[in-house]
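Trainee: Please choose a single part of this model and take me through it closely, in one connected account. I would like to see how that part fits into what surrounds it.

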Amino acid sequence: MMQEKKIKLNATEDVKEFVNGASKCDFDVDVSYNRILIDAKSILGVLSMDLNRILTVKYHGENRDFEQVLAKFAAA
């Protein structure tokens with residue numbers, strides 16, 4: 001079951017926390033905007049994205065800690 005959430009990362013520390021959370025998942029996590037798709041477990045990949053944008057996170061699994069990270073950065 002694929003899940004999709006919208007998030008907003010405002011600073012490098014936010015990116016580190018998000019990637020750290022994604023890295024603990026034993027399933028694929030992708031982050032995207034427009035046609036750009038990045039592995040959410042790649043700190044350099046996520047840092048290369050335009051952080052002024054609302055990002056879409058897609059993942060296939062469940063992890064309570066990761067859900068809490070997503071909730072923290074949820075886009076309004």
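Mentor: Strands here, like helices, are DSSP runs numbered from the N terminus, a strand having at least two residues. With that in hand, the part I would choose is the loop between β2 and β3, where Asn-34 lies, and I would keep in mind throughout that this is a predicted model. The two strands form a hairpin with two residues between them, and Asn-34, although it is not a glycine, has a positive phi of about 50 degrees. Because its relative accessibility is 66%, and the cut-off is over 50%, Asn-34 counts as exposed.

From the turn one can follow the hairpin back into its strands, which run antiparallel and are joined by four bridges; Tyr-33, for instance, stands opposite Ile-36 in β3. Strand β2 covers residues 29-33 and includes Ser-32, which, in contrast to the exposed Asn-34, is buried, because its relative accessible area of 12% falls under 20%. If neighbours within four places in sequence are left aside, the contacts of Ser-32 are Leu-37, Met-49, Leu-55 and Thr-56. Of these contacts, Leu-55 and Thr-56 fall within β4, which spans residues 55-59, while Leu-37 falls within β3, residues 36-39.

The hairpin belongs to a wider arrangement, an open sheet of four strands in the order β1-β4-β2-β3, with antiparallel pairing. Its edge strands, each pairing on one side only, are β1 (3-7) and β3 (36-39), and neighbouring strands are turned against each other by 25 degrees on average, with direction ignored. Away from the hairpin, β1 pairs with β4 over five bridges in the antiparallel sense, and Gln-3 has Tyr-59 in β4 as its bridge partner. Helix α3, residues 64-72, lies across β1, β2 and β4, and its direction makes an angle of about 165 degrees with β4; β2 is thus one of the strands that this helix crosses.

Beyond the hairpin in sequence comes helix α2, residues 43-47, in which Ile-43 lies. Together with Leu-44 and Leu-47, Ile-43 makes a nonpolar surface patch of about 270 Å². With a relative accessible area of 35%, which is between the cut-offs of 20% and 50%, Ile-43 is partly exposed.

Note on methods:
Residues are numbered from 1 along each chain as its sequence is written. This is a predicted model: local features need pLDDT of at least 70, side-chain atom pairs count only at pLDDT 80 or more; totals for chains, interfaces and linings use all residues. Side-chain values use heavy atoms; hydrogens and water are left out. Patches are made of residues with over 30% relative accessible area and no salt bridge: like charges are joined within 9 Å, nonpolar side chains (Val, Leu, Ile, Met, Phe, Trp, Tyr) within 5 Å. Accessible areas come from the Shrake-Rupley method with a 1.4 Å probe; for residues, only the protein chains shown count as cover. A salt bridge is a side-chain nitrogen of Lys or Arg within 4 Å of a carboxyl oxygen of Asp or Glu. Buried means under 20% relative accessible area, exposed over 50%, partly exposed in between (1.4 Å probe, protein chains only). Contact means heavy atoms within 4.5 Å. Two strands pair if DSSP finds at least two bridges between them. Axes are lines fitted to C-alpha atoms, for helices over the stretch in contact, and angles run from 0 to 180 degrees between N-to-C directions.
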